[in-house]
Amino acid sequence: MQAARLLQIEQLRIMLVDDETSVREALSEILSRRGWRVSGFGNAEEAINALRHEHFDAVLADINMPGIGGMDFLRMAKESAPAVPVIMITGYPSIDLAVEAIKFGAVDFLPKPFKADELEIIVRKAVRNAGNEAGRPVDKTRAIGTLPELARKRLEDKIKELSILHTISESLDDVNEKEDIFRKTMDIAQIIADSERAFVLVAEHDTNELVVRGEAGYESGPSIAGMKLSTKDEPFREVISTKSYAYFASGGGALGSLLPGPGSVPVLLAPLVINREVVVILGLAGKTGGKELTNDALSLLLNLTAKAALKLENIALSENIFLSIIAAMNSLLNALDARDTYTKDHSHRVTQYAVKIARAMGCPQDVIDSISFAGPLHDIGKIGVRDDILLKAGNFTVEEREVMKSHVVRGEEILRPLNLLNSEKAVVLYHHERWDGSGYPMGLAGCEIPLVARIFSVADTFDAMTSTRPYRRALGIDVARDEITRCKGTQFDPEVVNAFLESEILKA
Ligand SMILES: [Fe+2]
């Protein structure tokens, strides 16, 4: 099956006006790849001079340039060559800028950073529209700031497009799970393209497979979720190797398994690229007999996939950072374990007990997550306690006891750069507070002590009593249970003790 591109290749002559050589080179390379002839200008004066004497099909001009700025250049270009469409390059597209530039005759914007596909579509659209307008008389009123009908239409379209772009950004801003990004991307894409079905294929390059991780519009038929396809089959191979979208008048071949049912429909495959690698392919299938995808819709879809790819990249980065933090924390725990073998196993056991108590209390998942994450680190501050105190078998002096007590504050200080959640910090800082206010470091009482710390206090004490320490053997579970029950309402939160007594811990 051959991929039918939306527009035919033709020879165009493009003028580039940007004071930055690197931008001119980047744009020039992309445009030349399309077989177009490109002339670059580093300043507006030379460009205006060339525009007066040579033919160009379209002009791309930076808004921010020293000397004659982009807006003045635009005004002069429209006076010198009114029929040549001018596209403004900007890092900050906004409605104000759209009004200003379109008022002076610009036809579109090219937002930085550039995306090759989008650049091609914008230039083609500008040239095609200029061709359509060629027979009309030139409207001299633009230059004095009024809005003729065509410019007004352009402005309305641009505002609509910016508003859709804004919606795309906002919708993707508040999602942080991959599955949510897939779902929202499909939802927005279906609205933009007015498509009947959408699917998300995740590339697994190790196994050369594409796995369906999202589907929309398949409610009435069989689900395709989890279906596996080969990255080597067309048309996927082409999308992955060119890293560019592909549009098919009818979805046959390997696409057939994703699009059950009779009839052939147009299909768009748009890649999400991270680090120059296609990681996801968004697929959209139109309605039988539906309209062909417009260039405007395609441009918005490419913007959407670029935003979604950026969002996925951020998630991957956060996950990496998170894994690095966990690895660093485990190194710290290992360092502590090498000095005090009791602490590490104790920390993991206490965390498990605390999770069981939290579950028995019906705590929400975020409380359980805080306990699970911060629990193993709750005694990390002991890394700052000298060996002769840390390893001492009881009978602390007053001063030594104060040093031991300082481990909660030291622990919070060690973890501070990690910007932990308050509930995670509370596990470390407050796990030695007591219900009656006689604990440390703050002497908080009752519900002043965060719930996670009240839970941790019971779990910590239970484990301390039931494990063997350098200075005494482990106590029996019954003894520990009775002691915790005795301290209900003094050392411990009565509700936490009740949950502890009903929890899985004592049923083991
Ligand atoms: Fe502790």
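Which residues coordinate the iron ion? In this predicted model, the donors are Asp-379 through OD, and His-407, His-431 and His-432 through NE2. Their distances to the metal run from 2.1 to 2.3 Å. If you want to find them in the sequence, look for the spacing D-x27-H-x23-H-H. The last two histidines in that pattern sit side by side along the chain.

What about the geometry? The four donor atoms make angles of 82 to 174° with one another, and the site comes out as irregular. It fails the tetrahedral label because that would need all angles to lie between 85 and 135 degrees, and the angles here reach from 82 to 174°. One caution before you read too much into the count of four donors: water is not among the atoms, so sites may look incomplete.

The two neighbouring histidines are worth a separate look. Is His-431 buried or exposed? It counts as buried, because its relative accessibility is 1%, and the cut-off for buried is under 20%. His-432, at 24%, lands in the partly exposed class.

Now for the empty space. Rolling a probe the size of a water molecule over the atoms shows where empty space is left. Searching the whole structure this way turns up one cavity of 30 Å³ or more, and the largest cavity holds about 50 Å³. Its lining includes Tyr-430, Glu-433, Arg-434 and Trp-435, so the numbering here runs right up to both sides of the iron donors His-431 and His-432. Further along the chain, Ile-449, Ala-453, Arg-454 and Ser-457 join the lining, as do Gln-491, Phe-492 and Asp-493. Which helix gives the most to this lining? That would be α16, residues 451-466, with three residues. By class, the wall is a mix: five nonpolar residues, two polar and four charged.Charged side chains also pair up elsewhere, with 19 salt bridges found over the whole structure. Take Arg-13 and Glu-54, whose closest N and O atoms are 2.9 Å apart. This pair ties together distant parts of the chain, 41 residues apart: Arg-13 belongs to strand β1 (residues 13-17), while Glu-54 lies in the loop between α2 (44-53) and β3 (58-62). The Arg-13 end counts as buried, at 15% relative accessibility, whereas Glu-54 is partly exposed at 37%.

Other bridges stay within a helix. In α7 (residues 178-193), Asp-180 and Arg-183 are about one helical turn apart, because three residues separate their positions. Their closest N and O atoms are 3.8 Å apart. Both ends are partly exposed, Asp-180 with a relative accessible area of 27% and Arg-183 at 40%.

Helix α17 (residues 477-486) has a pair with that kind of spacing: Arg-486 and Glu-483 are three residues apart, about one helical turn. Here the N to O distance is 2.7 Å. Arg-486 counts as exposed at 57%, and Glu-483 as partly exposed at 28%.

Finally, salt bridges can also join up into a network, as they do for Arg-34, Glu-120 and Arg-124.

Methods: Residues are numbered from 1 along each chain as its sequence is written. This is a predicted model: local features need pLDDT of at least 70, side-chain atom pairs count only at pLDDT 80 or more; totals for chains, interfaces and linings use all residues. Side-chain values use heavy atoms; hydrogens and water are left out. On a 1 Å grid over the protein atoms alone, a cavity is a set of points where a 1.4 Å probe fits but cannot get out, and a pocket is an open set with protein on both sides within 12 Å along at least five of seven lines; lining residues have an atom within 4 Å of a point. Grid points are joined across faces, edges and corners, and a volume is the space filled by probe spheres set on the points. Helices (H or I, at least four residues) and strands (E, at least two) are DSSP runs, numbered from the N terminus. Ala, Val, Leu, Ile, Met, Phe, Trp, Tyr, Cys and Pro count as nonpolar, Asp, Glu, Lys and Arg as charged, and the others, Gly among them, as polar. Donors are N, O and S atoms within 2.8 Å of the metal (3.2 Å for Na, K and Ca); water is not among the atoms, so sites may look incomplete. Four donors count as tetrahedral if all angles lie between 85 and 135 degrees; four count as square planar and six as octahedral if opposite donors are over 155 degrees apart and all others between 65 and 115; anything else is irregular. Buried means under 20% relative accessible area, exposed over 50%, partly exposed in between (1.4 Å probe, protein chains only). A salt bridge is a side-chain nitrogen of Lys or Arg within 4 Å of a carboxyl oxygen of Asp or Glu.
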